[in-house]
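Please open the model in your viewer and keep the sequence panel beside it, since each stop on this tour begins with a selection.

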Amino acid sequence: MRYIVLVLLNLPIILLALVNIITQYKMRRVSKARFRHQIILWVVILVVLISSFPVYNAINNRPPLDSAELSAFDIVEIVSIVFLIYVVNNQRQQLERTERLVRDLHQEISIRLSTGRSSVVSEDKFEEK
């Protein structure tokens, strides 16, 4: 029973991460490679979460869903780890978007300043002649 609670507590976090990455891909905020990487990451986390405990029990010759050794602390710990992976990943994506925006703005300012200076310089040369 505890194992099912563990999976049910982590499932919304993983599904939220998958929905977020699909939404960002559809809005063209992430590249195709980043999309694939993120989908693979969250699917692997889901598969490991679902299969690790039954595999462990099978190796120890126990019923697959026997969760007698799984304590409340273990459940809270695993949910916290998955949630922290989600938060860190989300923060990294926001940081990358911010860096991209700052880089684009810097490039735009550089272009505007260079075209503004060239027109000022050409006007000064024209007045000297």
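## A patch on the surface

Begin by selecting Met1, Val5 and Leu9, which together make up a nonpolar patch on the surface with about 300 Å² of accessible area. Bear in mind throughout that this is a predicted model. Of these patch residues, Leu9 can be placed in helix 1, and Leu9 counts as partly exposed because its relative accessibility is 43%, a value between the 20% and 50% cut-offs.

## The whole chain

Now colour the chain by secondary structure, which comes to 3 helices and 0 strands, so that reading along the sequence gives the pattern α-α-α. If you then colour by burial, the buried residues make up 22% of the 129 residues in the chain.

## Aromatic pairs

Next, show the aromatic side chains; the structure holds 4 aromatic pairs. Start with Tyr3 and Phe53, whose rings are stacked, with 5.3 Å from centre to centre and 15 degrees between the planes. This pair links distant parts of the chain, given that Tyr3 belongs to helix 1 (residues 2-26) and Phe53 to helix 2 (residues 32-59), 50 residues apart. Are these two rings, Tyr3 and Phe53, buried or exposed? Tyr3 counts as buried because its relative accessibility is 5%, and Phe53 likewise counts as buried, at 15%.

Move on to Tyr25 and Phe35, where the ring centres lie 4.2 Å apart and the planes meet at 20 degrees, so this pair is stacked as well. Here too distant parts of the chain are linked, with Tyr25 in helix 1 and Phe35 in helix 2, 10 residues apart. The two partners fall into separate accessibility classes: Tyr25 is partly exposed, with a relative accessible area of 28%, whereas Phe35, at 18% relative accessibility, counts as buried.

Before leaving the rings, add Tyr56 to a selection of Tyr3 and Phe53, and you will have a cluster that is linked by ring pairs.

## The largest pocket

Keep Tyr3 and Phe53 on display, because both are among the residues that line the largest pocket. To see the rest of the lining, select Leu6, Ile45, Val48, Leu49, Ser52, Leu70, Ile78, Ile81, Val82 and Ile85 as well. The space in this largest pocket is about 180 Å³. Helix 1, helix 2 and helix 3 (72-128) are the elements that give two or more residues to the lining. Which helix gives the most to the lining of the largest pocket? That is helix 2, with 5 residues.

## Salt bridges

For the last stops, show the charged side chains, among which the count comes to 3 salt bridges. Select Glu96 and Arg34, which form a salt bridge whose closest N and O atoms are 3.1 Å apart. Glu96 lies in helix 3 and Arg34 in helix 2, so the pair ties together parts of the chain that are 62 residues apart in sequence. Glu96 counts as partly exposed at 27% relative accessibility, and Arg34 falls into that class too, at 26%.

Add Arg92 to the selection. Glu96 also forms a salt bridge with Arg92, and in this case the closest N and O atoms are 2.9 Å apart. Because Glu96 and Arg92 are 4 residues apart in helix 3, about one helical turn separates them. Arg92 is partly exposed, having a relative accessible area of 25%. With Arg34, Arg92 and Glu96 all in view, you are looking at a network of salt bridges that links the three residues.

Finally, go along helix 3 to Glu108 and Arg112, whose side chains meet in a salt bridge at 3.0 Å, N to O. Both residues lie in helix 3, and they are 4 residues apart, about one turn of the helix. How exposed is each partner, and which classes do Glu108 and Arg112 fall into? Glu108 is partly exposed, with a relative accessible area of 37%, while Arg112 is exposed, at 60%, a value over the 50% cut-off.

Note on methods. Residues are numbered from 1 along each chain as its sequence is written. This is a predicted model: local features need pLDDT of at least 70, side-chain atom pairs count only at pLDDT 80 or more; totals for chains, interfaces and linings use all residues. Side-chain values use heavy atoms; hydrogens and water are left out. Rings of Phe, Tyr and Trp (its six-membered ring) pair if their centres lie within 6.5 Å; planes under 30 degrees apart count as stacked, over 60 as edge-to-face and the rest as tilted. Buried means under 20% relative accessible area, exposed over 50%, partly exposed in between (1.4 Å probe, protein chains only). Patches are made of residues with over 30% relative accessible area and no salt bridge: like charges are joined within 9 Å, nonpolar side chains (Val, Leu, Ile, Met, Phe, Trp, Tyr) within 5 Å. Accessible areas come from the Shrake-Rupley method with a 1.4 Å probe; for residues, only the protein chains shown count as cover. A salt bridge is a side-chain nitrogen of Lys or Arg within 4 Å of a carboxyl oxygen of Asp or Glu. On a 1 Å grid over the protein atoms alone, a cavity is a set of points where a 1.4 Å probe fits but cannot get out, and a pocket is an open set with protein on both sides within 12 Å along at least five of seven lines; lining residues have an atom within 4 Å of a point. Grid points are joined across faces, edges and corners, and a volume is the space filled by probe spheres set on the points.
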